[in-house]
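Subject: Structure handover

Hello,

Here is the structure I said I would pass on. My notes on it follow below.

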Amino acid sequence: MIGLGFEAERERLRLVAEEIEIETMEQLRAQRLRRQRGRDARLGVRIRAPRRAGGSFTIEWFLARGPGRTLYLPRGEADVYTRSSLSAAMPWERRIALEAEQTFGEIRLRLRWMKQAELRLQQVLARLTQPLPGDQGADDGLDASSEPS
């Protein structure tokens with residue numbers, strides 16, 4: 001896999017995302033304790049490890065609906081979760097999540113750009129290794145070090 005220094009940037013972004021994950025979960029917990037409501041929606045966020053080598057981590061919001069009942073919220077095609085994608089959350093949870101999404105969305109965007117750049121570079125390198133149309137290379141009988149007479 002072509003790195004272009006992206007692995008270090010992915011790691012930096014993962015660390016930033018994990019810091020925001022911890023801060024956000026602490027904010028949500030503090031608000032739940034302050035409100036003393038156990039039956040409210042229980043929004044949370046988690047950073048998931050890459051599913052395959054060289055892949056990117058993911059940032060996902062979920063609702064905890066009781067022991068063993070976790071509902072992961074779909075983000076859609078955008079880089080950010082929108083107000084409507086978080087509609088199952090309580091309004092105060094949604095406010096906290098949307099604030100965190102400002103940074104999470106930018107992280108997802110940067111991860112997507114890096115992946116696109118890597119894929120494009122792989123395509124370019126694959127194309128550059130192919131002979132040009134009509135190029136016979138070493139079969140033309142010319143020695144690359146000799147000059148034509």
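A helix here is a DSSP run of H or I with at least four residues, and helices are numbered from the N terminus. By that rule Gln31 belongs to helix H1. Please keep in mind that this is a predicted model.

Overall layout

The protein chain contains 2 helices and 3 strands. Their order along the sequence is α-β-β-β-α. Of the chain's 149 residues, 30% count as buried. Taking contacts between residues at least 6 apart in sequence, 58% of them join residues at least 24 apart.

The sheet

The 3 strands make an open, antiparallel sheet in the order E1-E2-E3. Strand E1 (43–48) and strand E3 (70–72) are the edge strands, each of them pairing on one side only. From one strand to the next, the twist averages 35°.

E1 and E2 are joined in the antiparallel sense by 6 bridges. Within this pairing, Ile47 has Ile59 of E2 as its bridge partner. On the other side, strand E2 (residues 58–64) runs antiparallel to E3, with 3 bridges between them. Two positions to look at here are Ala64, whose bridge partner in E3 is Thr70, and Leu63, which stands opposite Leu71 in E3. E2 and E3 form a hairpin with 5 residues between them. In the turn, Gly66 has a positive phi of about 125°.

E2 is mostly covered, since 5 of its 7 residues are buried. Glu60 is located in this strand. Is Glu60 buried or exposed? Its relative accessibility is 14%, so Glu60 counts as buried; the cut-off for buried is under 20%. The Glu60 side chain has a polar contact with the side chain of Arg48, at 3.0 Å. Neighbours within four places in sequence aside, Glu60 is in contact with Gly44, Val45, Arg46, Arg48, Arg51, Tyr72 and Tyr81.

Helix H1

H1 covers residues 6–35. Is its length what its residue count would suggest? At 1.5 Å a residue, the 30 residues of H1 should span 44 Å, and the end C-alpha atoms are 43 Å apart, so the two values agree. H1 lies across E1 and E2 and runs at about 160° to E1.

The buried residues of H1 are Phe6, Arg10, Leu13, Ala17, Ile20, Glu21, Thr24, Leu28 and Arg32. They pack against E1, E2 and H2. As background to the spacing in that list, an α-helix has 3.6 residues a turn, so residues three or four places apart point the same way.

Arg32 deserves a separate note. With 12% relative accessibility, Arg32 counts as buried. A polar atom of the Arg32 side chain lies 2.7 Å from the backbone oxygen of Leu43.

Gln31, in H1 as well, has a relative accessible area of 22% and is therefore partly exposed. Apart from its neighbours within four places in sequence, Gln31 is in contact with Trp92 and Ile96. Gln31 and Ile96 are 65 residues apart along the chain, and their C-alpha atoms are separated by 9.8 Å. Just after H1, Gln36 takes a positive phi of about 50°.

Helix H2

Helix H2 spans residues 91–128. Its 38 residues should span 56 Å at 1.5 Å a residue; the end C-alpha atoms are 54 Å apart, so this helix agrees with its expected span. There is nevertheless a kink in H2 of about 40°, centred on Glu101.

To come back to the pairing of E2 and E3, these strands are joined by 3 bridges. H2 packs on the sheet, where it touches E1 and E2, and its direction makes about 160° with that of E2.

Where to start looking

If you open the model with only a few minutes to spare, these places cover the points above:

- Glu60 and Arg48, for the polar contact between their side chains.
- Arg32 and Leu43, for the polar side-chain atom lying 2.7 Å from a backbone oxygen.
- Glu101, for the kink in H2.
- Gly66, for the positive phi in the hairpin turn.

Regards

How values were computed: Residues numbered from 1 in each chain as written. Predicted model: local features only at pLDDT ≥ 70, side-chain atom pairs only at ≥ 80, totals over all residues. Heavy atoms only, no water. Expected span 1.5 Å × (residues − 1). Bend = angle between axes of the 7 residues up to and from the residue. Buried < 20%, exposed > 50% of the residue type's maximum accessible area, 1.4 Å probe, protein only. Polar contact = N/O pair within 3.5 Å; in protein donor to acceptor, adjacent residues only side chain to side chain. Pairing = 2+ DSSP bridges. Axes fitted to C-alpha atoms, helices over the stretch in contact; angles between N-to-C directions. Contact = heavy atoms within 4.5 Å.
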